[in-house]
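Please open the model in a viewer and keep the selection panel at hand. The tour proceeds by selections, each followed by a description of what is found there.

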Amino acid sequence: MKILVINTGSSSIKYELFDMAHQRRLASGLAEKIGEHMSLVTHRRFMSGEEPVLKVVDTAIPDHVKGMHCIADLLMDPKEGVARKRDDIVAVGHRVVHGGERFRSTTVIDNAVMSAIRQNIPLAPLHNPSNLIGIEVAASLFPNALQVAVFDTAFHQTLPMRAFLYAIPFEFYEKNRVRRYGFHGISHACVAEEAAIYMDRPLGGLNLIAIHLGNGASMAAIQGGKSIDTSMGMTPLAGLVMGTRSGDIDPSIPLLLGGISGMSLKEIDELLNRESGLKGICGTNDMRDVISRMEAGDERAAIAIDIYAYRIRKYIGAYVAALERLDAVVFTAGIGENVPLIRALCCRGLKRLGIEVDPERNLAAGNGVREISPAGSEVKVLIIPTDEGLKIARETIRMLESRPGARR
Ligand code: AMP
């Protein structure tokens with residue numbers, strides 16, 4: 001049973017094909033620079049026990065329709081393909097960034113769902129339009145496959161009002177739905193489920209702090225398997241210090257920037273989203289570069305790392321207060337999974353909260369779930385690789401199997 005997972009951006013399509021009978025990834029890739037003079041498709045084919053086979057295609061892809069055709073041709077290539085025909089793909093799972101308040105869980109896509117995603121465009125003007133195009137193109141290319149939307153916001157729809165409502169006049173919530181939504185929900189849900197499996201406890205009985213540290217970064221306080229608070233807000237700009245995003249700042253700063261330097265709203269938006277965070281403090285957004293600069297004696301890089309970890313530590317403290325009881329802290333994504341220094345700094349001084357990192361375990365290499373707290377710790381500190389593609393594929397299969405008349 002093959003499931004295609006699609007994540008469509010304004011000029012790109014990320015895709016993964018899974019064989020769900022064996023929970024195996026068959027292929028993955030990225031079509032980028034769509035609409036530009038020369039586009040690029042990087043396609044990986046996975047064979048069991050071997051290194052993935054890489055194929056790079058340079059070709060002009062004028063639009064997403066052509067992009068999806070190009071991807072389908074690679075997946076169904078008579079010699080090197082991983083599927084024989086289009087109907088082998090029984091469902092397509094779409095990552096949709098903003099489900100607003102309407103979508104609390106994964107849903108099968110129909111016309112009403114399409115128009116609800118369209119209505120949420122003001123909440124995610126850069127993402128939802130591309131997601132809609134991806135759905136339309138996939139539906140025309142795979143007309144017999146079930147189309148399913150998996151929302152990045154849905155996991156956080158369990159936030160109580162005290163955590164999601166901003167203290168501004170209530171009418172902005174009523175009329176414009178201004179509130180905290182939170183993002184990275186697919187990843188937070190994925191690692192929470194894996195934590196429950198690893199700890200051999202029902203997710204409904206676990207209190208967790210999930211820390212997703214990639215280029216974008218966010219945290220979630222998860223009580224009994226449900227998100228009760230999260231660091232991103234109405235948009236993904238809020239919360240932690242990120243590669244190029246500021247995270248939390250005094251809300252008056254954008255107003256002052258306009259006044260001091262005459263910057264336009266668009267320029268301020270660009271400054272806070274693309275020129276701030278680690279990059280704003282020390283000139284580079286890639287954690288590997290920040291660490292090598294710090295090791296070479298660069299003071300700005302050292303302060304950037306200090307601020308980065310300090311913000312996370314403060315959120316851990318806040319979420320311990322929100323959760324009241326904590327079973328595990330989970331690190332995930334590029335930085336969370338790969339950078340022992342950051343994990344150690346984030347948990348420094350938190351022994352009184354029951355949170356401790358064992359230096360040797362933290363440095364040990366490994367795959368899969370790893371426990372880095374000392375044996376017998378009150379709170380487990382875990383590294384859990386996130387697999388958002390597989391999570392979307394699993395959600396998609398769940399929708400397929402819950403349909404009336406589905407084979408079980
Ligand atoms: P992601 O968005 O999850 O792909 O994460 C991207 C971030 O993870 C970047 O800041 C990378 O520098 C960082 N990263 C990924 N792998 C490593 C690694 N092996 N060592 C240090 N940083 C890494």
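Begin by selecting residues 24-32, strand S3, together with S4: the two strands pair in the antiparallel sense over 6 bridges. The model is a predicted one. Within this pair, Ser 28 stands opposite Arg 44 in S4. The connection between S3 and S4 is a hairpin with 6 residues between the strands. In that turn, select Lys 33, whose phi is positive at about 60 degrees.

Next, restrict the selection to residues 39-45, which make up strand S4. Is this strand mostly covered or mostly uncovered? S4 is mostly covered, with 5 of its 7 residues buried. Add residues 53-59, strand S5, which runs antiparallel to S4 and is joined to it by 7 bridges. Here Arg 45 stands opposite Val 53 in S5.

Now widen the view to the whole sheet. It is an open sheet of 8 strands, ordered S5-S4-S3-S2-S1-S6-S8-S7, with mixed pairing. Its edges are S5 and strand S7 (107-108), each of which pairs on one side only. Strands of a sheet pair through backbone hydrogen bonds, either parallel or antiparallel.

Move to strand S1, in which 5 of the 7 residues are buried, so S1 is largely enclosed by the rest of the structure. On one side, select S2: it runs antiparallel to S1, and 7 bridges join the two. Val 5 stands opposite Glu 16 in S2, and a hairpin of 4 residues joins S1 to S2. Then select S6, which runs parallel to S1 and is joined to it by 5 bridges. For Ile 3, the bridge partner in S6 is Ala 91.

Proceed to the S7 edge and select S7 with residues 146-151, strand S8: they pair in the antiparallel sense over 2 bridges. Thr 107 has Ala 149 in S8 as its bridge partner. With this sheet still displayed, add residues 388-401, helix H15, which packs on the sheet. H15 touches strands S1 (2-8), S2 (13-19), S3, S6 (89-96), S7 and S8. The direction of H15 makes about 125 degrees with that of S6.

Keep H15 selected and add residues 185-199, helix H6. The axes of H6 and H15 come within 9 Å and cross at roughly 85 degrees; the two helices are therefore roughly perpendicular to each other. Which residues meet at this crossing? From H6 come Ile 186, Ser 187, Ala 189, Cys 190, Glu 193 and Glu 194, and from H15 come Glu 388, Lys 391, Ile 392 and Arg 394. By class, the contact contains 4 nonpolar, 1 polar and 5 charged residues.

Turn to another open sheet, which has 6 strands in the order S11-S10-S9-S12-S14-S13 and mixed pairing. Strand S11 (226-230) and strand S13 (370-371) are its edges, each pairing on one side only. Select residues 217-223, strand S10, with S11: 4 bridges join these antiparallel strands. Ala 221 stands opposite Asp 229 in S11.

Finally, select the cysteines. How many disulfides does a search of the whole structure find? The search finds 0. Cys 346 is in no disulfide, and the nearest cysteine sulfur, that of Cys 347, lies 6.2 Å away. Cys 346 is buried, with a relative accessible area of 0%. Cys 70 also counts as buried, because its relative accessibility is 16% and the cut-off for buried is under 20%.

Notes:
Residues are numbered from 1 along each chain as its sequence is written. This is a predicted model: local features need pLDDT of at least 70, side-chain atom pairs count only at pLDDT 80 or more; totals for chains, interfaces and linings use all residues. Side-chain values use heavy atoms; hydrogens and water are left out. Buried means under 20% relative accessible area, exposed over 50%, partly exposed in between (1.4 Å probe, protein chains only). Two strands pair if DSSP finds at least two bridges between them. Contact means heavy atoms within 4.5 Å. Axes are lines fitted to C-alpha atoms, for helices over the stretch in contact, and angles run from 0 to 180 degrees between N-to-C directions. A disulfide is a pair of cysteine sulfur atoms within 2.5 Å. Angles under 35 degrees count as roughly parallel, over 145 as roughly antiparallel, 65 to 115 as roughly perpendicular and the rest as oblique. Ala, Val, Leu, Ile, Met, Phe, Trp, Tyr, Cys and Pro count as nonpolar, Asp, Glu, Lys and Arg as charged, and the others, Gly among them, as polar.
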